[in-house]
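Got your viewer open? Let's take a walk through this one, picking out one selection after another.

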Amino acid sequence: MKWNWGKSIVVAFVLFCGFISSIVVAAFQQDFDLVSDTYYQDELVYQERIQEHSNLAQSGVKVSITQEDNRVIFSFPQEFSGANGEIHFYHPSRSIFDRSFNISLDEARKQSIFGEELTKGRYKVKLSWTSNEVDYFQEEEIFIR
């Protein structure tokens, strides 16, 4: 059998079509979660988030987020004593791993969340709280080990 340019082009085209088909099949098998189930409602309150971010910047202090042993520790500065709000762990790849906790500070103005309550991986931590009748919002990325 003699090999010529025509046969080479046909083989290249068939291989290319097979590659594209495998990419399409793999893409349809992926599970995509939306950023939020309440995406449109969240957009309506976006200006409030901007103001809460601005309030935090004007205060000049931030909540410290550290990991020790098997827990995530949130340390609130003195300015935020009596904080009341929510800590939301947003897992970008799977919404089933998202977790929310109410803020309940101890005497040292700290809150611990144990690692068993969270799946290992990357999270966006969204803190939303009220202190002295002023709303604040802070967002940081952490990696749970």
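Here is a tour in four stops: a sheet, a core, a cavity and one residue beside that cavity. Keep in mind as you click around that this is a predicted model.

**Stop 1: the sheet**

Start with strands S4, S3, S6 and S7, which sit in that order in an open sheet of 4 strands with antiparallel pairing. Color strand S4 (99-102) and strand S7 (134-144) to mark the edges, since each of them pairs on one side only. Look along the strands and you'll see that neighbours are turned by 15° against each other on average, direction ignored.

Now zoom in on strand S3 (residues 84-90) and strand S6 (residues 121-131). These two run antiparallel, and 7 bridges join them. For one facing pair, select Asn84 and look across to Thr130 in S6. In general, strands of a sheet pair through backbone hydrogen bonds.

Next, bring up helix H3 (residues 46-59). This helix packs on the sheet and touches S6 and S7. Compare directions, and H3 makes about 90° with S7.

**Stop 2: the core**

Which residues have the most contacts inside the largest nonpolar core? Select Phe74, Phe76, Phe89, Leu127 and Trp129 and you have them; the whole core has 21 residues. Strand S2 (71-75), S3, S6 and S7 each supply at least two residues of this core, and the largest share, 4 residues, comes from S6.

Stay on Phe76 for a moment and show what surrounds it. Leaving out residues up to four places away in sequence, Phe76 touches Val63, Ala83, Ile103, Leu105, Arg109, Leu127 and Trp129.

**Stop 3: the cavity**

Time to look for empty space. There is 1 cavity of 30 Å³ or more, and about 50 Å³ of space lies in the largest cavity. To outline it, select its lining: Gln67, Asp69, Asn70, Arg71, Val72, Gly115, Ile144 and Arg145.

**Stop 4: Val72**

From that lining, pick Val72, which has its place in strand S2. Is Val72 buried or exposed? Val72 counts as buried because its relative accessible area is 2%, and buried means under 20%.

Show the neighbours of Val72, again skipping residues up to four places away in sequence: Ile65, Thr66, Gln67, Gln111, Ser112, Ile113, Ile142 and Ile144. Two of these names, Gln67 and Ile144, also line the largest cavity.

To finish, draw a distance line from the C-alpha atom of Val72 to that of Phe19. The two residues are 53 residues apart along the chain, and those atoms are separated by 44 Å.

Note on methods. Residues numbered from 1 in each chain as written. Predicted model: local features only at pLDDT ≥ 70, side-chain atom pairs only at ≥ 80, totals over all residues. Heavy atoms only, no water. Pairing = 2+ DSSP bridges. Axes fitted to C-alpha atoms, helices over the stretch in contact; angles between N-to-C directions. Contact = heavy atoms within 4.5 Å. Core = buried A, V, L, I, M, F, W, Y, C linked by side-chain atoms within 4.5 Å. Buried < 20%, exposed > 50% of the residue type's maximum accessible area, 1.4 Å probe, protein only. 1 Å grid on protein atoms, 1.4 Å probe; cavity = no way out; pocket = protein on both sides within 12 Å on 5 of 7 lines; lining within 4 Å. Points joined across faces, edges and corners; volume = space filled by probe spheres on them.
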